[in-house]
Amino acid sequence: MDRNQIAKWLEAPAKMANKYSLHAVYFCTGCGIIEVPPVITSRWDAERFGVIPVATPRQANLFLITGYVSVKTLRAIIRTYEQMYEPKYTVGFGSCPINGGMYWDSYNTIKHLDKYIPIDGWIAGCMPRPEAIFIAVTHLWTLIDKDMANGYTRYRESYRFYRRNQEMALGKLEWPPLFATGNKSVIDERQAVRSQQ
Amino acid sequence: MVTKVMQMILSPVLALVVGVFFLGLARKIMARIQWRYGPPLIQPVIDIIRLFYQKSVSHGRMFDLGIILSLAGSIVVVLFLPFGRICPLAGSGGLLVILYVMLFAPLGIALSGGQGANPNISIGISRKLILGLGYEVPLLLVLLAAMTHYKTISIVEMVSVQQNAGWSITSWPLLLSGVSYFLILPAILGIRPFDVSSAPQEISSGPMVEYGGKYLALATIEHALVLFISIALFVNLFLGGAANPIIFFVKMLVVFVLGVCVNAVFPRFRIEQAVKYLWKWPTLLAFVGLVITLAIRS
């Protein structure tokens with residue numbers, strides 16, 4: 001941990017401050033949230049690394065997707081992610097967001113979360129231990145140092161790809177696009193093709 | 001003249017440093033009480049730097065102006081408060097001006113939040129203003145008792161009288177008023193058991209729910225200044241002020257640590273319980289204190 005090295009602070013204050021002030025959004029997406037209370041309270045105390053839960057996505061810059069993602073939850077996840085201010089980091093927690101996990105053949109579960117929002121890192125396991133969150137945080141620090149935690153820039157650059165996938169999973173979305181997609185929604189395109197035929 | 005201008009610049013900066021230090025210390029003490037290691041003391045500074053570098057979205061003109069209004073109100077109050085011998089606006093105003101301008105902080109937040117159009121903000125603001133109604137009554141009685149006892153509204157004169165005659169909390173007409181002020185101190189600071197307006201688990205931190213980026217940074221700074229103001233007022237009125245800033249700071253530190261211990265062990269009141277409490281014990285104590293002061297003085 002290089003939190004006390006003043007030379008690094010003077011060199012890149014934004015990067016250092018982003019590293020050591022990770023505010024996680026308080027959003028219970030799945031069963032993995034049960035591992036978070038021990039992490040933030042006396043047993044493992046995430047606050048000594050600057051990681052605290054906050055109540056609203058506006059104040060947060062770390063989004064933990066804890067556990068399986070159903071289609072209904074995906075809608076809330078996307079809206080929460082788009083409400084967070086840049087720079088923002090996303091971590092998938094548990095094996096379910098990675099590839100569906102034990103719900104690999106479920107009709108109602110999203111299998112690959114990184115098709116819908118950009119993910120900066122994964123924590124594998126079912127369930128991962130609370131220590132795994134600290135390992136993820138330290139990995140996130142190295143990624144931020146190397147400018148590799150760039151999920152939010154990827155989201156901006158390939159927004160058309162993500163928006164298309166979101167519309168494929170959820171149908172027509174009731175909120176406007178976050179960035180200019182340069183085109184109509186996928187469903188409009190399909191209807192246009194159909195009416196031509 | 002030059003020293004006056006220097007003091008005008010210095011005293012808000014000093015207040016800000018002390019307030020932000022108190023925020024960090026509060027988190028550290030809370031952590032140690034809960035048997036955790038806790039964040040470093042400079043964690044609020046790291047948070048504020050991070051928030052200033054983050055992007056943010058404005059919700060309208062009033063959203064920007066309200067937060068600046070509340071920050072400006074807090075800075076003006078700081079100019080009227082003696083910090084040791086440092087008091088840029090010593091000759092003018094006094095307690096009455098402080099009373100008026102202290103209202104700017106919650107009103108600015110309320111105006112700013114009103115534009116956010118989030119239901120949690122409306123609930124938070126209504127709770128904040130109701131809580132304000134709760135603690136303003138005992139606060140007015142306490143200040144009235146102090147003004148009656150010293151026969152002046154100038155806070156600098158009160159401090160200089162106390163320097164010779166001893167702390168006013170030890171002289172017993174004002175003891176009850178001092179105790180009453182300490183009882184309402186958590187309500188003024190908005191910490192537990194009176195953190196109804198910014199309850200994170202109930203209403204997503206209330207008026208702060210739409211703040212992010214630089215707005216939240218300004219709100220944090222404003223909170224630090226409010227922390228400084230309410231504790232400095234207590235030290236000036238009841239603990240005799242101080243001849244130099246270091247002793248003043250030590251006195252503030254003692255009061256603040258006591259407040260944080262209250263904060264750490266009490267759960268949250270509901271809003272009607274909070275108002276019931278505030279209008280019962282602190283008001284009763286303040287009223288009895290005022291009557292005794294009047295009886296002795298007349």
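Biologist: How many helices and strands are there in chain A?

Modeller: Keep in mind that this is a predicted model. Chain A has nine helices and five strands.

Biologist: In what order do the elements of chain A run from the N terminus on?

Modeller: Read them off as a string: α-α-β-α-β-β-α-β-α-β-α-α-α-α. So much for the parts list; let's move to the overall shape.

Biologist: Okay, shape. What radius of gyration does chain A have, and what would a compact globule have?

Modeller: The trick is to set the value beside what the chain length would suggest. For 197 residues, a compact globule would come out near 16 Å, and chain A, at 18 Å, agrees with that. If you like boxes better, the C-alpha atoms of chain A fill one of roughly 65 × 40 × 25 Å along the principal axes.

Biologist: And what share of the residues of chain A counts as buried?

Modeller: That would be 40% of the 197 residues. You can also ask how far along the sequence the contacts reach. Take the contacts in chain A with a separation of 6 or more: 73% of them join residues 24 or more positions apart.

Biologist: Which domains does the assignment give for chain A?

Modeller: Two entries: domain 1 covers 6-157 and domain 2 covers 159-197. Their centres, taken over C-alpha atoms, are 27 Å apart. In the contact, domain 1 of chain A takes part with 12 residues and domain 2 of chain A with nine.

Biologist: Which elements give two or more residues to the domain 1 side of that contact in chain A?

Modeller: Look at helix 4 (71-83) and helix 7 (151-157) of chain A. Helix 4 gives the most, with six residues. By residue class, the domain 1 side of chain A has seven nonpolar, no polar and five charged residues.

Biologist: What about sizing an interface by area?

Modeller: In general, people often quote the accessible area lost when the parts come together. Here we've stuck to residue counts.

Biologist: Let's zoom in on one residue of chain B. Where is L69(B) found?

Modeller: In helix 3 of chain B, residues 61-80.

Biologist: Why does L69(B) count as partly exposed?

Modeller: You count C-beta neighbours. A residue needs 20 or more of them within 10 Å to be buried, and 12 or fewer make it exposed. L69(B) has 18 inside 10 Å, so it counts as partly exposed.

Biologist: Which residues is L69(B) in contact with, leaving aside its neighbours within four places in sequence?

Modeller: F104(B), G108(B) and L111(B). For F104(B), 35 residues away along the chain, the C-alpha atom is 7.0 Å from that of L69(B).

Methods
Residues numbered from 1 in each chain as written. Chains lettered and ligands numbered in written order. Predicted model: local features only at pLDDT ≥ 70, side-chain atom pairs only at ≥ 80, totals over all residues. Domains from an automatic or database assignment. Contact = placed C-beta atoms within 7 Å. Helix = DSSP H or I, 4+ residues; strand = E, 2+ residues; numbered from the N terminus. Nonpolar A, V, L, I, M, F, W, Y, C, P; charged D, E, K, R; others polar. Rg over C-alpha atoms; globule rule 2.2 N^0.38 Å.
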